[in-house]
Amino acid sequence: MKHRIGLCVIFVALAMTTACSYSAGGRPLDPPRNPKVLIFGIPAVTWEDLGRASVPTFDKLARQGATGNASVRVLNIPGEGYATLGMGQRVQVDHSAGLAFDVAELVENGTGADLFERRSSFKARGAVVVVPIDQISKRNVGRAFDARPGYLASNMEKRGMTTAVIGNADTSLAPLPSRLPPLPDFFPADARDSGIHREAALVVMRQDGTVASGTVSRALLRADASAPYGISTSLDALSRAFDESWPKSTLVVVENGDTSRAESYANGLPKESRESARAAGLERADSQLELILRKVDLSKTLVIVVAPTTPGGGEERGQLRPVILAGAGVGAGTLQSASTRRDGLIAMHDITASIAKYLDLADERFAAGRALKVIPRASSSSLTDTNSRAVTHDQLRPFISLIALSAMFVLSLLALIRLKNGPLDSKFRIMLLSSLAFPLASYVSTAGVWKAGRGLAAATIIVASVALGFLAHVTFTRNRTAVLAITLATSAYFFLDLALGAPGQLDSVFGYSSIAGGRFYGLGNLGFALFASAVFLAAGSLIDSRDRWSRVVVALLLVAAIIGVGHPRLGDDVGGTITMIPAAAVFLVNALREKRLRTRWLPLLVLAGVGMVLVFGAIDLMRPPETRTHLGDFLAGSIRDPLTVWLVLQRKLETGVRIAISNYWGLAVPGAAIAIVQLHRRSPYRLRELMRNNPALTAGLDALLLAAVLGSLVNDSGLAVAGLMLAVLVPWIILVASELQEEVASA
């Protein structure tokens with residue numbers, strides 16, 4: 001048995017080191033000479049909305065070009081979506097971001113230029129000004145992502161290229177107010193809506209908040225009794241504005257306005273009314289797009305249709321944004337990006353990187369994204385299904401986590417109370433084995449179960465957990481053997497998943513969210529917590545310090561796990577690598593020498609983990625820039641600008657604190673502490689006595705506790721990592737304690 005396991009581990013290790021989880025084999029965009037770019041914004045829609053509406057122009061463009069879903073790691077408000085597109089990096093804005101005006105437009109008892117110069121530190125120039133430019137820059141430059149709003153247009157200006165914006169999503173035709181609230185009043189999330197929405201200017205503004213050409217005034221609107229707020233975009237006014245700006249501009253952004261007004265007007269109405277309003281807004285937008293495309297030479301123009309937001313407004317997390325690329329150098333197919341390694345799924349900053357490459361704007365700041373490629377078209381329903389799955393799993397995560405965490409805590413306490421009277425009976429054994437199998441069973445939700453909806457998907461996961469627990473119970477008589485079977489099965493799942501490109505991690509209960517966009521490939525923080533837990537518990541159950549072959553098998557298992565967690569083409573998990581090496585060293589020393597490693601060695605072991613990260617980073621740096629992972633990008637950026645290190649650490653610390661507060665699994669830390677105290681008090685034997693003659697099990701416990709502490713410190717999921725590890729540890733240690741108690745009683 002051990003020989004077979006050893007051969008399997010060797011095979012897995014070799015297979016993983018040679019696996020290629022992503023192949024960037026798509027066709028790159030092929031720009032013509034003197035190319036131009038047209039961006040058409042359709043806020044507050046999804047692919048499902050496009051499928052319901054009568055939009056022949058959008059449909060034709062989608063068939064001719066390449067389609068995909070875009071993830072935006074921002075709030076679901078137009079300002080952040082548009083501003084991120086204009087920078088190629090996440091940009092944070094507030095509700096004042098829509099305050100853009102034509103320089104000659106009458107507002108606040110003067111012109112837009114006067115207002116801009118009163119409320120900003122810049123001089124007005126060009127045709128359009130974004131009034132809150134100072135506030136936007138202050139919130140981003142030198143912070144978190146160190147984004148420079150307006151960077152794309154400023155970079156273009158240096159190359160002699162100009163930009164323009166045309167569009168207005170205001171909700172009123174009345175003259176602009178004679179007094180606007182102070183800009184800080186817009187910062188709160190519940191700030192009163194000014195009704196002025198010209199956020200599209202953020203895509204093409206320069207870093208001083210000005211746009212060279214175009215118009216965002218209410219002259220683009222007309223009275224329309226059938227439209228939301230009695231307003232729609234005037235095709236005649238739009239046509240005139242486009243005719244004026246297009247010939248002299250390299251990049252033009254057109255905001256249709258009608259889909260945005262439809263969404264805000266229908267907010268709070270029944271679902272059917274909201275869908276009907278969005279469909280009508282899309283039909284008006286379709287007419288606008290048809291008008292504009294008649295004026296564009298597609299053989300020389302890259303056309304980008306993108307939704308900066310999806311339905312629900314800023315209070316909702318949002319969904320994946322539909323994207324269409326068509327025109328010169330694109331071809332029909334599905335969009336592919338090395339940023340995500342997921343066909344049909346791209347990041348918003350990939351669009352910016354593609355524009356920069358298309359216009360030959362070579363600059364390191366656009367490296368946050370990857371230039372898009374086109375692969376053969378996927379099925380027509382796949383983009384809608386991808387978004388539906390992402391939304392369902394986003395809703396399922398907190399729901400199933402709260403159920404599972406509550407059930408585990410109650411069950412563990414009941415089992416500990418029962419343990420006072422002797423070894424556990426069958427029903428407790430099945431329930432604890434089911435708890436241990438729950439993480440593995442949760443991945444069944446990636447196999448189409450999400451289509452059943454949140455309730456049925458959660459029920460399926462629970463049933464699968466119980467089924468696995470019952471199977472382990474009837475198959476293996478010893479607790480440690482049953483635990484070994486479950487933890488080995490969990491480890492094997494992660495090994496196989498990582499070797500195949502981690503398809504099971506995306507939009508799964510313990511994986512990462514494509515909507516949040518924090519990670520798209522490799523091993524996420526919660527996935528690492530489960531993988532590491534399974535590996536160390538399996539190793540603790542498998543190793544025999546007196547058997548040389550079992551030590552070799554366990555050593556190979558740990559080496560394979562380190563490679564799986566850290567290799568750029570597999571897990572690509574920096575924090576996981578730093579955690580795994582010290583924890584693995586503690587396990588091996590404790591198990592083989594039957595003596596606990598002294599704490600003074602831990603700093604050196606952590607440095608060894610950092611050293612391994614640098615080795616993996618060097619491997620990544622040897623790859624072409626367009627195929628590197630975030631680790632290679634981080635090291636390359638750190639070499640160019642050491643400040644990058646501090647900004648990344650700052651961002652991860654802020655994220656860790658936020659997740660520690662909001663993630664249910666962080667609550668497992670005090671819950672596990674209570675369970676262990678109860679085990680110590682209620683078992684007729686002290687915990688130390690139970691583990692004294694089992695150095696391998698003690699080694700597994702020590703390694704897992706160290707991994708929980710280090711993993712929480714170096715991963716931006718914070719206490720959620722420790723919580724999930726301890727949630728796995730508690731049923732394991734209760735089962736072991738029950739078996740050891742039975743052995744002592746029968747001796």
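Reader: Which residues of helix 7 are buried?

Author: In helix 7 (helices being DSSP runs of H or I, at least four residues, numbered from the N terminus), the buried residues are Tyr151, Leu152, Ala153, Ser154, Asn155 and Met156, where buried means under 20% relative accessible area with a 1.4 Å probe and protein chains only. The model is predicted: local features need pLDDT of at least 70, side-chain atom pairs count only at pLDDT 80 or more, and totals for chains, interfaces and linings use all residues. Residues are numbered from 1 along each chain as its sequence is written, and side-chain values use heavy atoms, without hydrogens and water.

Reader: Why is helix 7 called largely enclosed by the rest of the structure?

Author: Because 6 of the 8 residues of helix 7 (residues 151-158) are buried, the helix is largely enclosed; the cover over its buried residues includes helix 4 (78-85), helix 8 (201-204) and helix 12 (348-358).

Reader: What makes helix 13 and helix 15 oblique to each other?

Author: The axes of helix 13 (residues 382-419) and helix 15 (residues 454-475) cross at roughly 50 degrees and come within 10 Å. Angles under 35 degrees count as roughly parallel, over 145 as roughly antiparallel and 65 to 115 as roughly perpendicular, the rest being oblique, and the two helices are therefore oblique.

Reader: Which residues make the contact between helix 13 and helix 15?

Author: With contact meaning heavy atoms within 4.5 Å, the residues include Leu396, Phe399 and Ile403 of helix 13 and Arg454, Ala457 and Ile461 of helix 15.

Note on methods. Axes fitted to C-alpha atoms, helices over the stretch in contact; angles between N-to-C directions. Buried < 20%, exposed > 50% of the residue type's maximum accessible area, 1.4 Å probe, protein only.
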